[in-house]
Amino acid sequence: MNNLPDFDSHHAQDAKMSVGEKSGARQPLTIPPRLYGRDREMVVLLESFERISSGRGEVLLVPGASGIGKTALVQELQRPIRERNGLFIRGKFDQYQQNIPYFAFRQALAELCRELQSGDAHQLARFKADIHEAVGNLGQVLVDLVPEWGDCLGPQPPLEIISPQEARHRFAGVFRNFLHAICRPEHPLVLFLDDWQWADAASCDLLQQMQVGTTLRNLLVIVSYRDNEVNPGHPLMAAVDKVRNDAVPVATLQIENITIQDVQAFLQDTLQPDLAEVEGLATMIHKQSRGNPFFARSLLGYLYKTDWIWFDSELNCWQWRQDEIRESNLPDDVVELFVLKIRRLDDARQKLFPLAACLGNRFDLATLSIISGRTIEECQALLGTGEAITLVRPIKVGGDDFPVKDLHGPGAWMFVHDRVQQAAHSLIDPGELPGLRLRIGRLLLASLTPEQLAEKLFEVVGDLNARSHFVEDADEQIKLLEL
C-alpha cells in the first residue's frame with residue numbers, strides 16, 4: 001500500500017495543523033458500544049425468546065459476513081433474558097482448532113457450570129439434584145466433556161466400555177437429558193454457538209440429535225456463521241436439513257451491512273460535540289468498509305491514530321483531512337488494517353502475537369509463556385500496554401466475556417475479534433507453520449501436568465501431528481500414538 005502513514009505517526013509539525021490542534025492535549029477517541037441499524041433484528045431475537053419461554057423450542061440461524069455484528073447482536077439478548085430469569089450461555093468455534101470435537105459446546109457448558117456455582121446455593125443444589133436424576137450413572141460422560149462439572153457434581157461411577165458408535169449415541173443421550181434438566185419453563189435457556197463455519201463434524205451430528213422443540217421445549221439454539229464460508233455441501237447445511245426433516249422449528253435471521261445513515265449516526269455519537277462535513281466522512285467510511293460495522297469502527301480508529309481525524313479545540317469540533325484521505329490507498333479489508341497495526345509494534349510484541357494466535361481466539365498467559373519462553377509477567381506486560389491492548393484484552397471471569405478454563409491460574413485473554421487473530425496468524429510464514437506447531441506441541445507435552453494434558457489433549461495432538469513425519473525418535477513416536 002502506498003501513501004499510508006504509520007499507525008504511530010504523529011504530525012505535530014504538519015504545516016496544515018490548525019492553531020486549535022496545537023493548543024492542548026490530544027482529544028481521546030471514545031467509540032460508543034451501542035449497535036447501529038439493528039432494531040429490527042433485536043425484535044426478531046426477542047420474539048424467538050418469547051416462543052421458547054412458552055415451550056416452543058427452536059433453532060435460529062444467524063448468517064452474515066465476518067464483522068457484520070452477529071456476535072454483538074446476539075449478546076444484546078443477555079440482559080432481557082436474565083431479567084426474565086432465563087439462562088444465556090455461549091461457545092465459539094475456532095478457526096485454528098477445527099479438529100477438536102464439540103469445541104463450542106464444551107465452552108458453553110463450562111460457562112454454565114461456573115455461572116451456577118457462582119449463584120444462589122439453594123438454586124445450585126436444585127440444579128445438581130435435577131442433573132443427577134437426568135443423567136443417572138452416566139455423569140462421567142459430562143465430566144469427560146467438561147472437567148469443571150466434576151467439581152460441581154462430585155465423583156461419578158466409571159463408564160462401561162462400548163463401541164465408538166454406541167459411545168456417540170450414549171453421549172448424545174446424556175447431553176440431551178442434561179439440557180432437559182436445565183431448560184425449564186421457569187428458566188428457559190439460550191445456547192449461543194458462534195462461528196459454525198469452523199464446527200467439527202461431531203458438533204454437527206450433535207445438533208441433529210438434540211431434539212429441540214420436542215424433548216427440549218424451552219431451549220433456543222442460536223447458530224451464527226459466515227454465510228460466505230458455508231456452501232451447500234458444508235456439514236452444517238446437512239445438519240440443518242436433517243433438523244428440519246425432524247420437524248424442529250428452524251428460523252433464519254440474515255444480518256446485512258449497515259447503511260450510510262447508520263454510519264453517520266455512529267460518527268455523530270462518537271465525534272462529539274460536532275464533526276465538520278459529517279456526510280462526506282460517513283460516505284467515505286461506508287464506501288471503504290462496504291457497510292461492515294467492525295471494519296467501519298476499525299477504520300475510524302485508524303484514521304484517528306494516523307492523525308487524519310483530530311479535534312480542533314479552537315473550533316470545538318472534529319476535523320478530517322478530506323483531500324489526503326481521498327488520495328490515499330486505505331486498507332482494503334480489516335485484516336490488512338490489523339496486519340499494519342501489528343507490524344507497527346515493537347519486535348517483542350510482534351513475535352508474541354502470532355504465537356498467541358496459534359493458541360486460539362482465547363488463550364491463557366501460562367500456555368503462552370511456555371511456548372514463547374517468556375515469563376507470565378513478561379507476557380502480561382507486553383500484551384497489556386501500549387497499542388497491544390487494543391488488539392487483545394484480559395477476560396473478565398464471571399463477567400460478560402466467554403469464560404475460559406485457565407489451567408495454570410489467573411491470566412485468560414482473548415483477541416478482540418477473529419479478524420485480529422487472523423491478522424496475527426497470517427504473519428507466520430506458511431512454510432514454517434508446521435514446524436512451529438510441532439515445537440509448540442513438544443513444549444506443551446513437556447510442561448503440562450497429566451491433568452492439564454488431559455484437558456488440552458486435542459490441541460496438543462493437533463500440534464504434534466502438524467509435522468509428525470519429522471518425529472524420528474522411537475519413544476516420541478510411541479508417545480504420539482498413545483496420545
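How far apart should the ends of helix α6 be, at 1.5 Å a residue? Select residues 121-135 and let's find out. This is a predicted model, where local features need pLDDT of at least 70, side-chain atom pairs count only at pLDDT 80 or more, and totals for chains, interfaces and linings use all residues. Residues are numbered from 1 along each chain as its sequence is written, and side-chain values use heavy atoms, leaving out hydrogens and water.

**Stop one: α6**

Helices here are DSSP runs (H or I, at least four residues), and strands are too (E, at least two), numbered from the N terminus. The expected span is 1.5 Å times one less than the number of residues, so the 15 residues of α6 should cover 21 Å, and the end C-alpha atoms agree at 21 Å apart.

Now colour Leu124, Phe127, Asp130, Ile131 and Val135: these are the buried ones (under 20% relative accessible area; exposed is over 50%, partly exposed in between, with a 1.4 Å probe and protein chains only). They sit on the same side of α6 because they cover an arc of only 130 degrees around the axis, taken from the directions from the axis to the C-beta atoms. Spin to the other side for exposed Ala121, His122 and Glu133.

Next, show what the buried residues pack against: β2 (87-92), α5 (103-117), α7 (139-145), α8 (148-153) and α9 (164-182). Contact means heavy atoms within 4.5 Å.

**Stop two: just past the end**

Click Gly136, which follows α6 and has a positive phi, near 60 degrees.
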